[in-house]
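Biologist: Can you put the model up? I have some questions about its overall form, its pocket and its surface.

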Amino acid sequence: MGYSIKEASERLGLPSHTIRFYEKEGLLPFIQRDQHGYRIFEQKDLDWIYLMTCFRTTGMTVTALKRIVDLAIQGDSTLRERKEILENHKLELQKRQLELDKAFEAVNHKLTIYDMRCGLYE
């Protein structure tokens, strides 16, 4: 069963202009169209868009996503290269997570000081 862009947008919780942007950037090379030229999204397309959205949330660039898509189009011979891209991205995420953890602790420490000064801890 195929979905229209409106249905895909609703299912994904994404604006349709974001989906159109992904397609324009070449990130959705396998989207089918009906006889009137309207996009038809299959579940596999929605799954890919969701994954891209997750990658974008983590800070992955459109350029890196495009590289993954281009490699995927070439087939399984590029699996190692795609895996390497994701492994490098994961290392960057781990580094950022450590930085966020430190910043989170600093905020919590400052809040504890404020709570003590406001008399919330006795």
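Modeller: One definition before the numbers: the radius of gyration is taken over C-alpha atoms, and the globule rule is 2.2 Å times the number of residues to the power 0.38. Bear in mind that this is a predicted model.

Biologist: Fine. What radius of gyration does the protein have, and what would a compact globule have?

Modeller: The protein has 21 Å, whereas a compact globule of 122 residues would come out near 14 Å. Along the principal axes, the C-alpha atoms fill a box of roughly 70 × 35 × 20 Å.

Biologist: How many helices and strands are there?

Modeller: Five helices and two strands. In sequence order the pattern reads α-α-β-β-α-α-α.

Biologist: Now the pockets. How much space is in the largest pocket?

Modeller: About 250 Å³. Helices H3 (43-57), H4 (62-74) and H5 (79-117) are the elements that each give two or more residues to its lining. H4 gives the most, with four residues.

Biologist: Which residues lie nearest the centre of that pocket?

Modeller: Pro29, Phe30, Trp48, Val69 and Ala72, out of 15 lining residues.

Biologist: And how does the lining divide into nonpolar, polar and charged?

Modeller: The lining of the largest pocket has 11 nonpolar residues and four charged ones, with no polar residues.

Biologist: Switching to the surface. Which residues make the nonpolar patch?

Modeller: Val107, Leu111 and Tyr114 make a nonpolar surface patch of about 290 Å². Of these residues, Val107 has its place in helix H5. H5 is also one of the helices that contribute to the lining of the largest pocket.

Biologist: Last topic, charges. How many salt bridges does the structure hold?

Modeller: Eight. Among them is the one between Glu23 and Arg33, where the closest N and O atoms are 3.3 Å apart.

Biologist: Why does the pair tie together parts that are apart in sequence?

Modeller: Because Glu23 lies in helix H2 (residues 16-24) and Arg33 in strand E1 (residues 32-33), the salt bridge links parts that are 10 residues apart in sequence.

How values were computed
Residues are numbered from 1 along each chain as its sequence is written. This is a predicted model: local features need pLDDT of at least 70, side-chain atom pairs count only at pLDDT 80 or more; totals for chains, interfaces and linings use all residues. Side-chain values use heavy atoms; hydrogens and water are left out. On a 1 Å grid over the protein atoms alone, a cavity is a set of points where a 1.4 Å probe fits but cannot get out, and a pocket is an open set with protein on both sides within 12 Å along at least five of seven lines; lining residues have an atom within 4 Å of a point. Grid points are joined across faces, edges and corners, and a volume is the space filled by probe spheres set on the points. Ala, Val, Leu, Ile, Met, Phe, Trp, Tyr, Cys and Pro count as nonpolar, Asp, Glu, Lys and Arg as charged, and the others, Gly among them, as polar. Patches are made of residues with over 30% relative accessible area and no salt bridge: like charges are joined within 9 Å, nonpolar side chains (Val, Leu, Ile, Met, Phe, Trp, Tyr) within 5 Å. Accessible areas come from the Shrake-Rupley method with a 1.4 Å probe; for residues, only the protein chains shown count as cover. A salt bridge is a side-chain nitrogen of Lys or Arg within 4 Å of a carboxyl oxygen of Asp or Glu.
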